[in-house]
Amino acid sequence: MSALAQDDVEEGAGIELASPLFETISVMAPSNANAAAFANDGRHFAVALGDGSLAVGSWEDTASPPQLTRRPHHRVAAVAVRAFGDGFVSAGQDGTVWLTPAGAPQSATRIWSSAGDWIEALLVHEGAGLIAAASARSLVVLASDGIPRLQCEFEETISGLAFDRDGQRLAVSGYGGVSLVELATGTVEHRLTWKGAHIGVTWSPDNRYVVSATQEKELHIWDLVTMRDFRMGGYPRKTHQMAWTADGQMLACSGADVVTAWPFKGSGPEGRPPVEIGFVFGATVTAVAAHPVQNIVAAGYSSGSVLLGATVKGEALIARSRTKWPVTALAFSPDGSRLIAVDQAGGIALVAVPDELGVR
């Protein structure tokens with residue numbers, strides 16, 4: 001990138017050493033950070049900020065802080081960002097969806113608007129070339145050029161979205177359960193019901209399980225093969241983030257003082273304890289991300305710490321030291337060699353991930 005422009009982000013930067021295994025570069029943005037993503041090229045990354053802007057940067061090496069260019073795409077808080085094609089898709093509280101080229105953030109294009117309603121969820125399926133966005137009770141599924149493929153209304157406010165493996169169905173969570181929508185027809189294939197508010201949803205990589213997080217600090221699981229459902233509780237906080245491990249066999253969740261990784265191999269997690277990864281005294285896991293190649297999980301905490309650990313019971317390593325600001329989002333690069341962590345104060349930590357963590 002060229003020299004920083006007037007609206008670029010350079011509030012402060014430095015290199016910190018939390019563990020001998022990790023090289024971590026810290027940069028400060030001018031507003032709280034809500035979401036983050038690496039582009040498919042593994043070098044560019046984007047951070048959604050509370051002032052409505054999207055900060056896009058390029059991390060060329062670990063020797064110096066990256067340059068970040070901030071563009072005010074949204075009138076109010078940018079709340080989501082996802083890698084898509086050669087850039088990023090972002091959404092904001094102003095109800096707009098933008099497509100931003102990784103190498104040219106000034107060339108961003110607004111591709112859809114919900115007429116001002118806050119976008120609650122944003123999701124992409126690269127293989128199918130689809131972008132899904134939810135605003136209040138409305139769902140839109142867009143093609144890569146922004147043309148709507150599907151638009152429909154639900155009876156309840158939409159809280160979460162999850163594509164199935166092939167991008168042919170979409171799980172939509174809300175009050176009273178989860179709806180499985182057939183994208184080719186726009187019809188609800190199944191209505192998975194359970195009382196109360198469901199605040200997020202994910203679909204297992206093998207298409208067998210749909211898992212929702214509930215307002216009651218539980219997970220609810222539906223087995224689409226046996227059509228049985230069950231719940232798992234014991235969380236001190238609500239589960240706001242979930243991530244499937246690289247082998248698709250475990251689901252890592254936030255909401256406790258450790259990462260709980262539930263085993264889905266074989267008969268599933270019912271009656272089986274989770275693997276517990278990492279621990280930070282006096283803190284709760286607020287963000288999780290799964291390594292795309294190895295069975296490693298990254299966890300961000302309410303204390304600002306970031307830990308990486310393997311999905312077997314044992315030691316996790318500190319990749320970012322404690323701060324006073326909760327981690328809001330984590331994202332790995334496509335090859336897993338880099339990790340980005342962002343927090344409520346606008347802190348951006350870029351972590352070089354070693355090939356071998358040495359944890360058991």
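In this predicted model, Thr100 has a well-populated list of neighbours: leaving aside residues up to four places away in sequence, Thr100 touches Leu54, Val56, His73, Gly87, Phe88, Pro105 and Ala108. Thr100 sits in strand β9, which spans residues 96-101. One of those neighbours, His73, also makes a polar contact with Thr100, side chain to side chain, at 3.3 Å. With a relative accessibility of 0%, Thr100 falls under the 20% cut-off and so counts as buried.

Before going further, a word on confidence. The protein chain has a mean pLDDT of 91, and 94% of its residues come in at 70 or more. Residues 1-15 are another matter, with pLDDT below 50, although the model still gives this stretch 41 contacts beyond near neighbours in sequence. Where pLDDT is low, the predicted coordinates should not be read in detail.

Moving along the chain, β16 (residues 169-182) has a strand partner in β15 and another in β17. On one hand, β15 (residues 160-163) runs antiparallel to β16 and is joined to it by four bridges; within that pairing, Gly160 has Ser173 of β16 as its bridge partner. The two strands make a hairpin with five residues in between, and Gly167 in the turn shows a positive phi of about 70°. On the other hand, β16 and β17 are also antiparallel, this time with seven bridges, and here Gly177 faces Thr193 in β17. This pair forms a hairpin too, with four residues between the strands and a positive phi near 75° at Gly186. How much of β16 is buried? Twelve of its 14 residues are, so β16 is largely enclosed by the rest of the structure.

Positive phi values also turn up at residues other than glycine. Asn207, in the loop between β17 (187-203) and β18 (209-214), has a phi near 70°. A little further on, Lys217 occupies the loop between β18 and β19 (219-223), and its phi is positive as well, at about 65°. As for exposure, Asn207 counts as buried because its relative accessibility is 12%, while Lys217, at 35%, counts as partly exposed.

Later in the chain comes an open sheet of four strands, with antiparallel pairing and the order β25-β26-β27-β28. Its edges are β25 (285-290) and β28 (316-320), each of which pairs on one side only. On average, neighbouring strands here are turned by 25° against each other, ignoring direction. Strands of a sheet pair through backbone hydrogen bonds, either parallel or antiparallel. Between β25 and β26 (residues 296-301), five bridges hold the antiparallel pairing; Ala289, for one, is matched with Ala298 in β26.

The loop between β26 and β27 holds Gly304. Is this glycine buried or exposed? Gly304 is buried, because its relative accessible area is 0%. Not counting residues up to four places away in sequence, the residues it touches are Arg320, Ser321, Arg322, Thr323, Trp325, Pro326 and Val327. Gly304 and Ala48 are 256 residues apart in sequence, and their C-alpha atoms are 18 Å apart in space.

The strands of this sheet also feed into the largest nonpolar core, a set of 20 residues in which Phe22, Val306, Leu308, Leu330, Phe332, Leu339 and Leu357 touch the most other members. At least two core residues come from each of β25, β26, β27 (306-310), β28, β29 (327-332), β30 (338-343) and β31 (347-352). In soluble globular proteins, nonpolar side chains tend to be buried together.

Leu308 gives a good view of how the core is put together. Again leaving out residues up to four places away in sequence, Leu308 touches Phe22, Ile296, Val297, Ala298, Ala316, Leu317, Ala319, Phe332, Leu339, Val353 and Leu357. Among these contacts, Ala298 is also the bridge partner of Ala289, and Phe22, Phe332, Leu339 and Leu357 are themselves among the core residues that touch the most other members. There is also a second, separate core of 19 residues, which includes Ala29, Leu68, Ala331 and Ile348.

Notes:
Residues numbered from 1 in each chain as written. Predicted model: local features only at pLDDT ≥ 70, side-chain atom pairs only at ≥ 80, totals over all residues. Heavy atoms only, no water. Pairing = 2+ DSSP bridges. Axes fitted to C-alpha atoms, helices over the stretch in contact; angles between N-to-C directions. Buried < 20%, exposed > 50% of the residue type's maximum accessible area, 1.4 Å probe, protein only. Polar contact = N/O pair within 3.5 Å; in protein donor to acceptor, adjacent residues only side chain to side chain. Contact = heavy atoms within 4.5 Å. Core = buried A, V, L, I, M, F, W, Y, C linked by side-chain atoms within 4.5 Å. pLDDT = per-residue confidence, 0-100.
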